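Work through these exercises with the sequence and the model open. Try each task before you read its solution.

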Amino acid sequence: MDFTIAVGESDFEEFRTSGGYYVDKTAILYELLGHARHKVTLFTRPRRFGKTLMASMFENFFNIAKDSRALFDGLEITKRKKFCDAWMNQYPVIFLSFKDVEGETFEITYERLKAQIAKLCRRLAPVVEDALTDDDKQTFLRLKTGAARPIEIDYSLDFLMGALRAVYGKRVILLLDEYDVPLNKAHEKNSPENDFYNKMLDAIRRILSAALKDNDNLKIAVVTGCFRIARESVFTGLNNFMSYSALDKKFSEYFGFSEEEVKALLTAVGRADKFDVVKDWYDGYLFGTDFIYNPWSVVCYVADLRDDKDAIPKAYWANTSSNAILRAFDRKTEFDVKYKFERLLNGGVVEQKISDLMTYDSLFDSEDHFWSALLMTGYVTKAEPDSSGDTIKLKIPNKEVASIFQETVVKLFRDTLDVGKQRALMDAFWRGDEEKVSETISNFLLDSISYNDYHENYYHAFITGLFVGLGYSVDSNKESGLGRPDIVVKDRRRRRALIIEAKRSEKESDMERDARAALEQIDAMRYDEGLDGYERVFRYGVAFYKKQAKALASTLGRLEIDKERK
């Protein structure tokens, strides 16, 4: 290959000069500005869908301080020569990203905000310092060194736009990337005691209001984020403002990869044979009416394939966030969402009222807001291209997100199990009380989230999870006797052990037969070999049908086992 697969590179200039494979999205420039244009445009998409690289591309295209012709050579936008003559490297630009402006407290986050503004000032210093008045030089110095007063931070972008206009005689293009990251973190860490969210909201609102509202120094502004916050919350009083989310048809193809773009990339790296795998794992997002692949995950997998032709796909996207919204969703006991999650995990759809005009502090106000948040952040997507109106059908887009649901939501269920009920189940196991075991597991199943259409491996993992955290040694599918028992639980202190073999029944009437077959398998395959020293061995065959369990027990002492073997 005469190009690189640049994982995580979001600087357009570095991307192009280092030979990175670039999926050409430059046509968005003409669509944004070639006809009627808005003073302020907000693009919201899930994390890792190319927003920062897009903003960087904008900065390189517009910036009057650069000559970007080589960077854009051969790209789609250069076919529009008159447009490029009017816009390419013709305007001063301020590009500020808030993606690293987050912290555990408001004070830490605000200091990081000041640090990003200081970094911006240092970048602009060679251009603007000589054009400043003596008073403005003192303000600029405080901004540049991180010593600015709050009121100066509030007007920092407005101040810098005025300075650039004084130098170039032209209005300024403002690019704000990931504007809502500070608000997202503040929302996660907010409490009535620290009032983190409202403090952060007020700080961001003051900065954006000064920069965007009735500012004669502003040519246009492009803002990106994961989440669209209601205009009255942040973008108060803005005229000629337009927002485009994953629900909108316009601009829907510019964030993420299309199927044709994925095929071209796989062909370029000589791995067109992996298309079906990539489609299953990373396709399925429906933005407007366009089906979109997760660009971050596609690039990560292609990079792995470059190094290992047999690389298996992974949930790369899962490692880019804490998935806190999923955990928060499931903890809201007033929202009965378990059955909806279960339907989604088994490939179904849910119908939900959706709104993209919310505030972070209203996310928990209603179940509708929560599902809207899951849609905007990429955990679910529209199920049908022609969905319209407030109520739409939602689904999990692909295997990658399904695996995140399974790991996050199902693990959360296990982590929040009633320990008292877990111990009661264990007592029933150790007593050989097969009726109590059957009843208790069935009750746990009723409250749990089942997925993969109740496959046997789900039940296996489910039972294993019930033992976690209770202090027992648990072996799963470990070689023993003539095969591998599903689960072996050892209580060394009391010298006793459980052997559990699980079966999935095709119908309810088969459960007792299947449980007995599982019990007989334990004997036939000698799964109790290797348990020398354990005085009592409790053997269980457990059959499952949907959310019901049937357990049959056989309890033998060590001497009885040895006698039986002879």
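**Exercise 1. Find which residues of helix α3 are buried.**

Step 1. Fix the terms. Buried means under 20% relative accessible area, exposed over 50%, and partly exposed in between, with a 1.4 Å probe and protein chains only. Helices (H or I, at least four residues) and strands (E, at least two) are DSSP runs, numbered from the N terminus.

Step 2. List the buried residues of α3. They are Lys51, Thr52, Leu53, Met54, Ala55, Ser56, Met57, Phe58, Glu59, Asn60, Phe61 and Phe62.

Step 3. Draw the conclusion. Since 12 of the 12 residues of α3 are buried, the helix is largely enclosed by the rest of the structure.

Keep the ground rules in mind: this is a predicted model, where local features need pLDDT of at least 70 and side-chain atom pairs count only at pLDDT 80 or more, while totals for chains, interfaces and linings use all residues. Residues are numbered from 1 along each chain as its sequence is written, and side-chain values use heavy atoms, with hydrogens and water left out.

**Exercise 2. Compare the span of α3 with the expected one.**

Step 1. Take the length. Helix α3 covers residues 51-62, which is 12 residues.

Step 2. Get the expected span. The rule is 1.5 Å times one less than the number of residues. For α3 this is 16 Å.

Step 3. Compare. From its first C-alpha to its last, α3 reaches 17 Å, close to the expected value.

**Exercise 3. Which strands does α3 lie across?**

Step 1. Name them. α3 lies across β1, β2, β3 (172-177) and β4. Contact means heavy atoms within 4.5 Å.

Step 2. Give the direction. α3 runs at about 165 degrees to β3. Axes are lines fitted to C-alpha atoms, for helices over the stretch in contact, and angles run from 0 to 180 degrees between N-to-C directions.

**Exercise 4. Give the order of the open sheet of five strands.**

Step 1. Set the rule. Two strands pair if DSSP finds at least two bridges between them.

Step 2. Read the order. The sheet runs β2-β3-β4-β1-β5, with parallel pairing. Its edge strands are β2 (93-97) and β5 (241-244), and each pairs on one side only. Direction ignored, neighbouring strands of this sheet are turned by 10 degrees against each other on average.

Step 3. Check one pair. Five bridges join β1 (residues 40-44) and β4 (residues 218-225) in the parallel sense. Thr44 stands opposite Gly225 in β4.

**Exercise 5. In which sense does β13 pair with β12, parallel or antiparallel?**

Step 1. Look at β12. Strand β12 (residues 487-491) and β13 run antiparallel, joined by five bridges. Lys490 has Ala497 in β13 as its bridge partner.

Step 2. Look at β14. Strand β14 (residues 536-545) and β13 pair in the parallel sense over nine bridges. Here the bridge partner of Glu501 is Gly541 in β14.

Step 3. Check the cover. Strand β13 (residues 496-504) is mostly covered, with seven of its nine residues buried.

**Exercise 6. Where do Asn89 and Asp214 lie?**

Step 1. Place Asn89. It is in the loop between α5 (81-87) and β2. Its phi is near 55 degrees, a positive value in a residue other than glycine.

Step 2. Place Asp214. It is in the loop between α11 (196-212) and β4. Its phi is also positive, about 50 degrees, although it is not a glycine.

Step 3. Set these beside the general rule. Most residues other than glycine have a negative phi.

Step 4. Classify both. Asn89 is buried at 11% relative accessibility, whereas Asp214 is exposed at 67%.

**Exercise 7. How many disulfides are there?**

Step 1. Apply the rule. A disulfide is a pair of cysteine sulfur atoms within 2.5 Å. The count comes to zero.

Step 2. Test Cys300. Its sulfur forms no bond because the closest cysteine sulfur, in Cys226, is 16 Å away, which is too far.

**Exercise 8. Describe the surroundings of Gln352.**

Step 1. Place it. Gln352 is in strand β8 (residues 350-353) and is buried, at 5% relative accessible area.

Step 2. List contacts. Leaving aside neighbours within four places in sequence, Gln352 is in contact with several residues, including Lys340, Glu367 and Trp371.
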